[in-house]
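Let's take a friendly walk through a protein together. Have the viewer ready, and turn the picture around as we go.

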Amino acid sequence: MSTPTRILLIEDSSADAELVEREVRRTLPHSEYMCVETEQDFIAALSSFTPDIILSDYTLPQFSGMAALELAKANVPEIPFILVTGSVNEETAVNCMKAGAWDYLIKEHITRIGPGILNAMEQKRLRDEARSSERELRASEERLRTTLDSIGDAVISTDAHGRIELMNPVAEQLTGWSFVEASGKSMREVFITFNPNTGAPIPNPVDLVLKYGKIVDPIQHTLLLSKEGKKVPICNSGAPILNSTGEISGVVLVFRDQTAELEIHRSLEENEARFRNLLQSMEIIPVQGYNEAREVIYWNNASERVYGYSEAEAMGQKLEDLIIPPQMHEEVIQQSKKWYAQNVTIPTTELVLQNKAGQPVQVFSSHVMHVTSSGKKELFCIDVDLRELKAAENKMRTSQQITKRIINSIPVRVFWKDTHRVYLGCNEAFARDAGFSDPKEIIGKNDIQMAWEKQTEQYHTYDRRVIAGESILDKEVTIITPDGKKLTHLMSKVPLRNTQGEIFGILGSYVDITEQRQLENQLQQAQKMESIGRLAGGVAHDFNNLLMGIMGYTDICKDQAGEDSDLIEYLDAITEVAQRSAAITRQLLTFARKQIVQPKELDLNESIEGMLKLLRRLLGEDVEIMWSPGPGQMTIKMDPSQIDQILANLAVNARDAIQGVGSLIIKTEAVIIDEKYCAKHEGTLPGNYVKLKVTDSGCGMDKETIANIFEPFYTTKNVGQGTGLGLSTVYGIVKQNNGFINVDSAQGKGASFNIFIPRIKTDVRALKPKTLSKTLPQGTETILIAEDEKSILITNKYCLESLGYTVLAAESPEHALDLVANYTGKVHLLLTDVVMPGMNGPDLAKKLTEKYPDLKCLFMSGFTADIITRRGISEKNMHFMSKPFGSEELSNKVRKILDEKS
């Protein structure tokens, strides 16, 4: 920023001082101004104020302009001194100039004071340059040449006779003369100027300097005629070159090309015209000007369009007679008078004016007072036509309403705060979570005033990061709702920025993922149970192989010892323990849901009685089991393991519902379901059923819980205490067996599960296996055994050979293929394990049946149902035996298969 020009005025008339100051500030609006009246104040101001320009009246009561001039010459000779007076004649003015004044101005032409100051400042600049040039000339001609070559102005120096001695490149360019050509020539021949308006020649500045021995002030806007005849607008001045004795030894002429300045001046004039044209042609901003009588002095095209009056119609008319509604006349007149007389500004505001047809026109009106150079005041009104803007506002309001409905319709919770973390707004979903019925209730509140006040610091930590410019996306947080529920939210927060990129708030959103996380936890629990099931299946396989080896070797020992041996009792005990162990393995597979479903016709009462011992272990001593079997046989067709699974799941469910001591009642009865019952119970069919009713004395369930208990993964237990699969498994088993289930319960009154399974008329006693003869069936056929478990291979081979069969024993599928390839006889039956290293049993059977189409196959395995099924084994289409099995079961199965017709 440039330093303000400091102007010192010597004047005893305050009115004249004010007039001078106004004119000075018109030219130099940012100048610093000081006025003094006496000699003493003037001398003090020279050192304290350090003026750049001194203006002085010629005559003062106790002081004079000439005295001030002498003081200035003595103290600050370099400061321009200008006389400003109303009484100086031409002769006196010339004497003042000779005495050292830089200029004189008559108060009647006070408007010249601004240009006069600028001219004096330019003179000072040129004088300073001339002195600098003179010093440089004295110092070094080369330095002078370098300086002249580098400055932007053209410079020519002459000797005392006006002949050219030096010339810089700018001067060469402007005059068209090279220094070589011009050297020694008279300045009058090289530097020719004339008036641009009249064409008359202008005296050469060098001649004037040589004639008067003084600096020639800058001559503005003259035309220089170059050697090639080109006319260049220039500003020039001359100054004497003094030798060491003070005599003029030459003249330096400084001039510059004003082409660019004139172009700027023309550009400013064009810009002014352009601005006027723009103001005149603006479509939505009416501009009117009024004089102090409120008569129109300016009326642009927009005023004509908005108000309906042409410029010709409006000019000279009073404001209140054109666009002011009658009810506003007096107010507008008074306001305009106050501004003209008292400078009381008319406020900027929205107004409803009227057009030529008397129709209302809504505008935003502002007002500007302009004072002319003659002191007249003019009031200009700038109006903005709001009709289209108001229509746009209505559209925007509608759009905002639509946006609001959209924000309130989405399931995502949305909110926004300022940088002080005070809520500015939210959608309805967020308001509900915060415990409010209307989003407006949240505005102005902070997190401390919300339901989650205990988590405020955590949220403010995120807020501070966002205010610093960070975006936080998909952050999982936990909140406690007003009713005490614990929810998991996936939160995002980003900075809100204005058009300048400055952060003014926080935009946040979150999605309630509580249910999703619960499902994920349930899935993890289910996967954990699946892993446990796989482990159980693997353990069962190995255990089954070991049990079968034990049972086989025990049979061999019994056979070797004979029926009268004392060891038979102990061997029978070993067999019983092994069978009990096999039963435990089957129960393990039942709970792991890995058993092969094998529906059988059975008596439900007998199945339940066989399960009671295990149920008592599950429930513990605090829960009493009361068993009430219905009369007669309760015959159904169902996999026994599924009955065990139903009872186990219901028992575990009851155990968790009973707090402390309680009871579990199990009851069966035969029922007939009729059409009337089916009409009241959806999903039921008429017929004969066996009803299994399991009632506990637990805490009971409400209606909402009852409606969801059979859904997979639904649970009322705490995380980690249940998978939510128990009752859904019961429901699936019942439906799989064409039955149905319903629940009766109330909070605090326990629960009753009523299961209905179709009843069949078969006498179960007729289905019980006949007592096998101690003499096992025998045969002479050839049997190929493929088994990688050595103990099972040895015991099965011993058993079958003792019954008369020819046995080929192979420890692997490859070994089995080799035995068959080298065997010359016929192989009647393949007894193979399903899962073996290298090749499984079904693949081995396939290879052998391709060569022996009538070969019969019997598969055995201790693996779980899913593994066996993946190998293509199913009891529906293949012969299969689950390990462990004994010699009697094996011999009967083999004989039965061999006796079947192909």
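Before we look at any sheet, one term is needed: two strands count as paired if DSSP finds at least two bridges between them. Keep in mind, too, that this is a predicted model.

With that in hand, find strand β20, residues 486–497, and strand β21, residues 503–512. Nine bridges join β20 to β21, and the two run antiparallel. To see one bridge for yourself, look for L496, whose bridge partner in β21 is G505.

Now widen the view. These strands belong to an open sheet of five, in the order β18-β17-β21-β20-β19, with antiparallel pairing. Which strands stand at the edges? They are β18 (423–426) and β19 (472–480); each has a single partner strand, so one side of each is left without a neighbour in the sheet. From one strand to the next, the twist averages 25 degrees. A helix accompanies this sheet: α18, made of residues 456–467, lies across β17 (413–418), β19, β20 and β21. Relative to β19, α18 runs at about 160 degrees.

Further along the chain there is another open sheet to explore. Its five strands follow the order β23-β25-β26-β28-β27, and here the pairing is mixed. The edges are taken by β23 (623–628) and β27 (740–745), each with a single partner strand, so one side of each lacks a neighbour in the sheet. The twist averages 20 degrees between one strand and the next. Look at β23 and its link to strand β25, residues 662–673: six bridges join them, and they run parallel. One place to find this pairing is W627, which has I666 as its bridge partner in β25.

This sheet leads us to helix α21, which lies across β23, β25 and β26 (687–696) and runs at about 175 degrees to β23. How far should the 16 residues of α21 span? At 1.5 Å a residue, residues 604–619 should span 22 Å, and the end C-alpha atoms are 21 Å apart, which agrees. Even so, trace the helix with your eye and you will find a bend of about 45 degrees at L612.

Both ends of α21 deserve a look. At its start, a side-chain oxygen of D603 reaches to within 3.0 Å of the backbone nitrogen of N605. Just after the helix, G620 takes a positive phi of about 85 degrees. Between these ends, several residues of α21 are buried, including L604, N605, I608, M611, L612 and L619.

Let's finish the close-ups with a single residue, N236, which lies in strand β10 (residues 231–242). Is N236 buried or exposed? Its relative accessible area is 2%, and buried means under 20%, so N236 is buried. The side chain of N236 makes a polar contact with the side chain of T222, at 3.3 Å. Leaving aside neighbours within four places in sequence, N236 is in contact with residues that include F191, P205, D217, L253 and F255.

Finally, step back to the whole protein. It has 31 helices and 33 strands. Of its 902 residues, 43% are buried. Among contacts between residues at least 6 apart in sequence, 58% join residues at least 24 apart.

Technical notes
Residues are numbered from 1 along each chain as its sequence is written. This is a predicted model: local features need pLDDT of at least 70, side-chain atom pairs count only at pLDDT 80 or more; totals for chains, interfaces and linings use all residues. Side-chain values use heavy atoms; hydrogens and water are left out. Helices (H or I, at least four residues) and strands (E, at least two) are DSSP runs, numbered from the N terminus. The expected span of a helix is 1.5 Å times one less than its number of residues. The bend at a residue is the angle between axes fitted to the seven residues ending there and the seven starting there. Buried means under 20% relative accessible area, exposed over 50%, partly exposed in between (1.4 Å probe, protein chains only). A polar contact is a pair of N or O atoms within 3.5 Å; within protein, one must be able to donate a hydrogen and the other to accept it, and residues adjacent in sequence count only if both atoms are side-chain atoms. Axes are lines fitted to C-alpha atoms, for helices over the stretch in contact, and angles run from 0 to 180 degrees between N-to-C directions. Contact means heavy atoms within 4.5 Å.
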